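Ready to practise reading a protein structure? Work through the exercises below, and try each one before you look at its solution.

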Amino acid sequence: MSPERRTTTTDNIALGPGKEFDIVRSLLAEWGESAVRIGDDAATLEVPIGEKLVVSTDTSLEGVHFRREWLNHFEIGYRATAASLSDLAAMAARPLGIVIALTLPEGDRGEARAIATGIGEGASAVMCPIVGGDLTSGKTLSLTITAMGSVERPLSRAGARPGQRVYVTGRLGGPSAALRAWSAGGQPNERDRARFANPIPRIDAAIGLAARGATSAIDISDGLIADVGHIAAASKAGIEIDLSRIPCFGDASPMEAATSGEEYEIVVTAPNIDIDDFSSEFGLDLTEIGRVVAGPARVELLNDGKKISSPQGFDHFRDK
């Protein structure tokens, strides 16, 4: 369903006195008409008749997901918002609103409006209103964004079936190249840095893939191989990925592209998708990279038809 179905009023409720609410007022001033009916204890949303509510929460924590020497405050806000909205894309859901929990250290208070600008840009890029949130002080900068959307038939990780093909949007490897440059004490090139700092939630593309028969989907946050593994596990099926078919961004090698996290591109399975038709409509690459096979839940990475070792993706709780 088209974005025009969303009708909102931007009337916000007057806020009381205090330094906390002064900061909130500065955020609302920055968001303008993107902020909708803020000021009550909770947000209210209207879900279109016949559709299901889809909800996802994502945290962006300084020292874990970003470092301030990597990103400015605008980019911190934008990136956190895009990452959360990408989960709606993985379900082929259209955004209804986001709620923001911001922990703001004293030293970052002067940058609150820059963070707000980034959040607003990330939300408005996919026509998503900001409908509420929470503000607290703390020692570490953190944004937790809850994204809410709706869709008649959500895509799931559990819909892959043997005989189907595996597709991925875009090109992979830019974010990992940026991280390698920073970790080595250098600076990434502008293209790689932009892929890390300014990901694009593939809302419209994912909805288009669902309309073309996609049966399962996931967004790439921990790396292609790791995230395809979640589809395999949920679908109780095997997935074979052809290393040579993985689309690479810039100078990334196929193996670097296979393991690059923070991409926020979309992987889907489907019986067959007209790649040229899709790319013509959305101006976005779509590449067939593998197939779903019968057997135990697993991901096999193939090179020239031969199985090779599959790298691990990111895991917050893996033993160091």
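A polar contact is a pair of N or O atoms within 3.5 Å. Keep in mind that this model is predicted.

**Exercise 1.** Find which residue caps the N-terminal end of α2.

*Solution.* Start at Asn72 and look at its side-chain oxygen, which lies 3.2 Å from the backbone nitrogen of Phe74. Asn72 is therefore the cap, as 3.2 Å is within the 3.5 Å limit.

**Exercise 2.** Check whether the span of helix α2 agrees or disagrees with its number of residues.

*Solution.* Helix α2 covers residues 73–90, which makes 18 residues. The expected span is 1.5 Å times one less than that number, so it should be 26 Å. The end C-alpha atoms are 26 Å apart, and the two values agree. Now look at its surroundings: 17 of the 18 residues of α2 are buried. Just after the helix, Ala92 has a positive phi of about 60°.

**Exercise 3.** Work out which residue forms a salt bridge with Glu75, and where the two partners sit.

*Solution.* First, the partner is Arg193, with the closest N and O atoms 2.7 Å apart. Next, place them: Arg193 is in helix α5 and Glu75 in helix α2, 118 residues apart, so the pair links distant parts of the chain. Finally, compare each with the 20% cut-off for buried residues. Glu75 is buried because its relative accessibility is 8%, while Arg193, at 23%, is partly exposed.

**Exercise 4.** Decide whether Glu265 and Arg202 are buried or exposed.

*Solution.* These two residues form a salt bridge, their closest N and O atoms being 2.8 Å apart. Both are buried.

Notes
Residues are numbered from 1 along each chain as its sequence is written. This is a predicted model: local features need pLDDT of at least 70, side-chain atom pairs count only at pLDDT 80 or more; totals for chains, interfaces and linings use all residues. Side-chain values use heavy atoms; hydrogens and water are left out. Helices (H or I, at least four residues) and strands (E, at least two) are DSSP runs, numbered from the N terminus. Buried means under 20% relative accessible area, exposed over 50%, partly exposed in between (1.4 Å probe, protein chains only). A polar contact is a pair of N or O atoms within 3.5 Å; within protein, one must be able to donate a hydrogen and the other to accept it, and residues adjacent in sequence count only if both atoms are side-chain atoms. A salt bridge is a side-chain nitrogen of Lys or Arg within 4 Å of a carboxyl oxygen of Asp or Glu.
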